[in-house]
Amino acid sequence: MRLIHPVTAGEPGSALDLARLYAYPASPCLRLNMVASADGGIWLDGLSGGLSGKGDKRIFGVLRGLADVVLAGASTVRAEGYGPARPRESWRELREGRPAAPPVAVVTRGLELDLASPLFTEAEPDARTIVVTCEAAPAERRAEAARSADVIVAGDDRVDLAAAVGQLGERGLGRVLCEGGATLNGQLAEAGLVDELCLTLSPMLIGGSAARILDGAGALTRLRLAHVIEEEGFLFTRYARESH
């Protein structure tokens, strides 16, 4: 990996300190992490993994290690077969004073979740999976989910993402890593909640009907480029929202 922006006086070929490059700011921060093809698609054969590479997986691990909580939409959790984040030896220093792995928080209005899946049955006790839903969710399913997950109720007819992020912050989970999908990303942008974007650009053209990283109304969010890393044709970018 080599840092190509900003240009530094570091020794060529020296190892990058990814934890430093991707460190969260001191204040609460919601960060999107996505991978896309050069022509903007976010999945190949229905999954994001086909666009990834070893460098992307390495950065993915660092981002999870830095985060307090991993946020994802229910459709992404189902499609990608999410399990709980597993502790890694490389996270030991990054997570000092916090649980060994971040909990996963799933955003769902209808609670169409497999509560018998590893995401709910194998999470560490101090990183229990969180279900983020709303008052309109079926009461019976909410009660069932509460037996195997922590449940956050935010909003009436739909999930109020600003309220949900606020409740996560009240639990000490202010460093939020959102892994999609595109609909959730769009809703977060529309609510003005996106502080950073970590976007991997994969060196391939895929065509087809794959979604972009934001789906739905979204909102104009002006970003500044913080850094660009290159490896084997992949570009790993980090953008931060411009100060108002």
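**N185 and its surroundings in a predicted model**

Q: Which residues does N185 touch, not counting residues up to four places away in sequence?
A: This is a predicted model, so treat each contact here as a computed one. N185 sits in helix α7. Skipping residues up to four places away in sequence, the ones N185 touches are L32, M34, C178, G180, I213 and L214.

Q: Is N185 buried or exposed?
A: The cut-off for buried is under 20% relative accessible area. N185 has a relative accessible area of 0%, so the residue counts as buried.

Q: Which residues of helix α7 are buried?
A: Helix α7 covers residues 182-190, and N185 is part of that helix. What covers its buried residues includes β2 (29-37), β3 (69-73), β4 (104-107), α6 (161-170) and β7 (175-178). The buried ones are A182, L184, N185, G186, L188 and A189.

Q: Which residue with a positive phi follows α7?
A: Look just past the end of the helix, where phi is near 70°. The residue there is G192.

Q: Where is the cis peptide bond with omega of about 5°?
A: Most peptide bonds are trans. For this one, look to the loop between β7 and α7, where G181 lies. The cis bond joins G180 and G181.

Q: What is the omega of the peptide bond from H5 to P6?
A: P6 is placed in the loop between β1 and α1 (18-21). The bond from H5 to P6 is cis, with omega near -5°.

Q: What is the order of the strands in the open sheet of 10 strands?
A: The pairing in this sheet is mixed. β1 (2-5) and β6 (150-153) stand at the edges with a single partner strand each, so one side of each has no neighbour in the sheet. Neighbouring strands are turned by 25° against each other on average, direction ignored. From one edge to the other, the order is β1-β9-β10-β8-β2-β7-β3-β4-β5-β6.

Q: Which residue in β4 is the bridge partner of G73?
A: β3 and β4 run parallel, joined by four bridges. For G73, the bridge partner in β4 is V107.

Q: What angle does the direction of helix α2 make with that of β2?
A: Helix α2 (residues 54-66) packs on the sheet. Its contacts there are β2, β3, β7, β8 (196-202), β9 (223-231) and β10 (234-241). Against the direction of β2, that of α2 makes about 170°.

Q: With which residue does the side chain of S37 make a polar contact of 2.6 Å?
A: S37 lies in strand β2 and, at 1% relative accessibility, counts as buried. Leaving aside neighbours within four places in sequence, S37 is in contact with L51, L201, S202, M204 and I206. The 2.6 Å polar contact joins its side chain to that of D39.

Q: Which element supplies the largest share of the lining of the largest pocket?
A: The largest pocket has a volume of about 1100 Å³ and is lined by 46 residues, with T76, E80, E179, G180 and G181 nearest its centre. β2, α2, α3 (74-80) and α7 each supply at least two residues of the lining. The largest share, six residues, comes from α3.

Q: How many residues apart in sequence are L47 and A79?
A: L47 has its place in the loop between β2 and α2 and is partly exposed, with a relative accessible area of 36%. Leaving aside neighbours within four places in sequence, L47 is in contact with A79 and E80. C-alpha to C-alpha, L47 and A79 are 7.2 Å apart; in sequence, the separation is 32 residues.

Q: What is the phi of L111?
A: Most residues other than glycine have a negative phi. L111, in the loop between β4 and α4 (118-121), counts as buried at 2% relative accessibility. Its phi is positive, near 60°.

Q: Is E232 buried or exposed?
A: E232 is found in the loop between β9 and β10. Although not a glycine, E232 has a positive phi of about 50°. The cut-off for exposed is over 50%, and at 56% relative accessibility E232 counts as exposed.

Key: Residues are numbered from 1 along each chain as its sequence is written. This is a predicted model: local features need pLDDT of at least 70, side-chain atom pairs count only at pLDDT 80 or more; totals for chains, interfaces and linings use all residues. Side-chain values use heavy atoms; hydrogens and water are left out. Buried means under 20% relative accessible area, exposed over 50%, partly exposed in between (1.4 Å probe, protein chains only). Contact means heavy atoms within 4.5 Å. A polar contact is a pair of N or O atoms within 3.5 Å; within protein, one must be able to donate a hydrogen and the other to accept it, and residues adjacent in sequence count only if both atoms are side-chain atoms. Two strands pair if DSSP finds at least two bridges between them. Axes are lines fitted to C-alpha atoms, for helices over the stretch in contact, and angles run from 0 to 180 degrees between N-to-C directions. On a 1 Å grid over the protein atoms alone, a cavity is a set of points where a 1.4 Å probe fits but cannot get out, and a pocket is an open set with protein on both sides within 12 Å along at least five of seven lines; lining residues have an atom within 4 Å of a point. Grid points are joined across faces, edges and corners, and a volume is the space filled by probe spheres set on the points.
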